[in-house]
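User: I should like to learn how to read the packing features of a protein model, beginning with a pair of helices. Please give the general idea for each feature and then the case at hand.

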Amino acid sequence: MSEAMATELAPAQPAAIQRAAELLRKNSLVAFPTETVYGLGGHALDESAVRAIFTAKDRPPGNPLIVHIADPSDVGSVAADWPESAARLAARFWPGPLTLVLPKHAQVPAAVTAGGPTVAVRVPAHPVAQQLLQCARIPLAAPSANRASELSPTTAQHVMKSMSGRVPLVLDGGKCPGGIESTVVDMTTNPPRLLRPGLISIVQLQEVIGELDTTAPPTSEVRSPGRSNRHYAPKTQMILATDHGTMIVQDLILMGMKVGWLTYSDAPQVDGCRRQDMPQELSEYCAALYAALHQFDEWRLDCIVVAAVPDTPDWTAVRDRLERGSTRG
Ligand code: TXA
Ligand code: MG
């Protein structure tokens, strides 16, 4: 794929969605909004389209892709088996931000699954993603529409910043309502195993399937490379505070650093830093998080101090993203 390719940014109106569907059927790539983050979609059953996704993202081939389908009844075209517990999770959370790892169907190219025997599948709820899938009538492999190891995009402008020149068409559907990625659960183990915390919480999953293994897989077992720390990081160094972070911010400013502060409106006023006040409510926090980090990156600061978030189970996915984002290398 040539980096000189022109990228069109089109509002996600019916005619543009139709055109996007035709491009996808011809094995071209299209970036589109989902309820979590923007995806970089390609024909999941076409090896060349799948390879083009990896090239466009500079994604290492060892990191498998999520396949998006229009309807739960389409799962048989990409998965070889549909355990009863998967059916129950799908009945409760699809369409929505839950990805199920299942035994792969023979017609899914090995490139999608990084050569492995399993495939990750989800039915997105976003109306644009739904219309696109219904129009294209093919399953779409779609990782987040950012270059490898960059922050996930939650607006079409974030996609353009990272992928302009690498994809022919970006459908602009405004801000993603969810703001962080889907929860990924491996349904091929017993009990099912959480591979990536996300918008569907551990408690919500346990309410439906009972037992869930939430221990991280051993690092030798590269089952879900999205767990690795280089993902989900802004370019700017991030420091996690154990409180609002006021003292750290003041100290860093005194040291002459350009500081960004991701905090809350009830934190004290500190002069000489770039500050963004986050909502206290969980779903609003998720929806605002990546946009705030993208903004800090644009300000080209020396570091971002992040006020502590609640230490409760429902905030697991947010803590996961903040912890990975603050780990270098
Ligand atoms: O919310 C989302 O999931 C977004 C939107 C676009 O759907 N997609 C997304 O894709 O976050 P990506 O490629 O950035 O992350 C996919 C995650 C990675 O952690 C990957 O390792 C894991 O899913 N994954 C994919 N296939 C897998 C498989 N067969 N087994 C285990 N993990 C898998
Ligand atoms: Mg990603």
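Analyst: In this predicted model, helix α8 passes α9 in a left-handed crossing. In general, two packed helices are described by the angle between their axes and the distance between the axes. For α8 and α9 (residues 316–325), the angle is about 25 degrees and the axes are 10 Å apart. Since angles under 35 degrees count as roughly parallel, α8 is therefore roughly parallel to α9.

User: Which residues of α8 and α9 make the contact?

Analyst: On the α8 side they are L282, Y285, C286, L289 and Y290. On the α9 side they are V318, R321 and L322.

User: Across which strands does α8 lie?

Analyst: Helix α8 spans residues 282–298 and lies across β11, β12, β13 and β14 (303–306). Its direction is at about 175 degrees to that of β12.

User: What is the strand order of the open sheet of 4 strands, and what is its pairing?

Analyst: The order is β11-β14-β12-β13, and the pairing is parallel. The edges are taken by β11 (237–240) and β13 (274–277); each has a single partner strand, so one side of each is left without a neighbour in the sheet. From one strand to the next, the twist averages 20 degrees.

User: How many bridges join β12 to β13?

Analyst: Strand β12 (residues 259–263) runs parallel to β13 and is joined to it by 4 bridges. As a specific pair, W261 has R275 in β13 as its bridge partner.

User: I would now turn to the other sheet. What is the order of the open sheet of 10 strands?

Analyst: The order is β1-β8-β2-β3-β7-β4-β6-β5-β9-β10, and here the pairing is mixed. Its edge strands, β1 (8–11) and β10, each pair on one side only. An antiparallel case is given by β3 (residues 39–43) and β7 (residues 140–141), which are joined by 2 bridges. Within that pairing, the bridge partner of G42 is A141 in β7.

User: Which strands does helix α1 lie across?

Analyst: Helix α1 (residues 14–25) lies across β1, β2 (30–32), β3, β7 and β8 (169–172). The angle between α1 and β8 is about 145 degrees.

User: How should one read a nonpolar core, and which residues touch the most other members of the largest one?

Analyst: In soluble globular proteins, nonpolar side chains tend to be buried together. The largest nonpolar core here has 48 residues, and those touching the most other members are L40, L89, L98, L100 and L205. At least two core residues come from each of α2 (47–57), α3 (84–93), β5 (98–103), β6 (118–122), α5 (156–163) and α6 (202–209). Helix α2 gives the most, with 5 residues. Another core lies apart from this one; it has 24 residues, among them M278, A292, L301 and A317.

User: What is L89 in contact with, leaving aside its neighbours within four places in sequence?

Analyst: Its contacts are W94, L98, L100, M187, L205, V208 and I209.

User: At what angle do the axes of α3 and α6 cross?

Analyst: They cross at roughly 125 degrees and come within 9 Å. That angle makes α3 oblique to α6. The crossing is right-handed. In the contact, S85, R88, L89, R92 and F93 of α3 meet Q204, L205, V208 and I209 of α6.

User: Finally, how are unusual backbone features to be read? Which peptide bond leading to P95 is cis?

Analyst: One looks at the backbone torsion and then at the place of the residue. The bond from W94 to P95 is cis, with omega near -5 degrees, and P95 lies in the loop between α3 and β5. The bond from N190 to P191 is also cis, with omega near 0 degrees; P191 is in the loop between β9 (183–186) and β10 (193–196).

User: Is A114, with its positive phi, buried, partly exposed or exposed?

Analyst: Although A114 is not a glycine, its phi is positive, at about 55 degrees. This residue sits in the loop between β5 and β6. Its relative accessibility is 31%, so A114 counts as partly exposed. R300, likewise not a glycine, has a positive phi of about 50 degrees and is found in the loop between α8 and β14. At 66% relative accessibility, R300 counts as exposed.

Conventions:
Residues numbered from 1 in each chain as written. Chains lettered and ligands numbered in written order. Predicted model: local features only at pLDDT ≥ 70, side-chain atom pairs only at ≥ 80, totals over all residues. Heavy atoms only, no water. Pairing = 2+ DSSP bridges. Axes fitted to C-alpha atoms, helices over the stretch in contact; angles between N-to-C directions. Contact = heavy atoms within 4.5 Å. Core = buried A, V, L, I, M, F, W, Y, C linked by side-chain atoms within 4.5 Å. Buried < 20%, exposed > 50% of the residue type's maximum accessible area, 1.4 Å probe, protein only. Parallel < 35°, antiparallel > 145°, perpendicular 65-115°, else oblique. Left-handed = near helix turned anticlockwise from the far one by under 90°.
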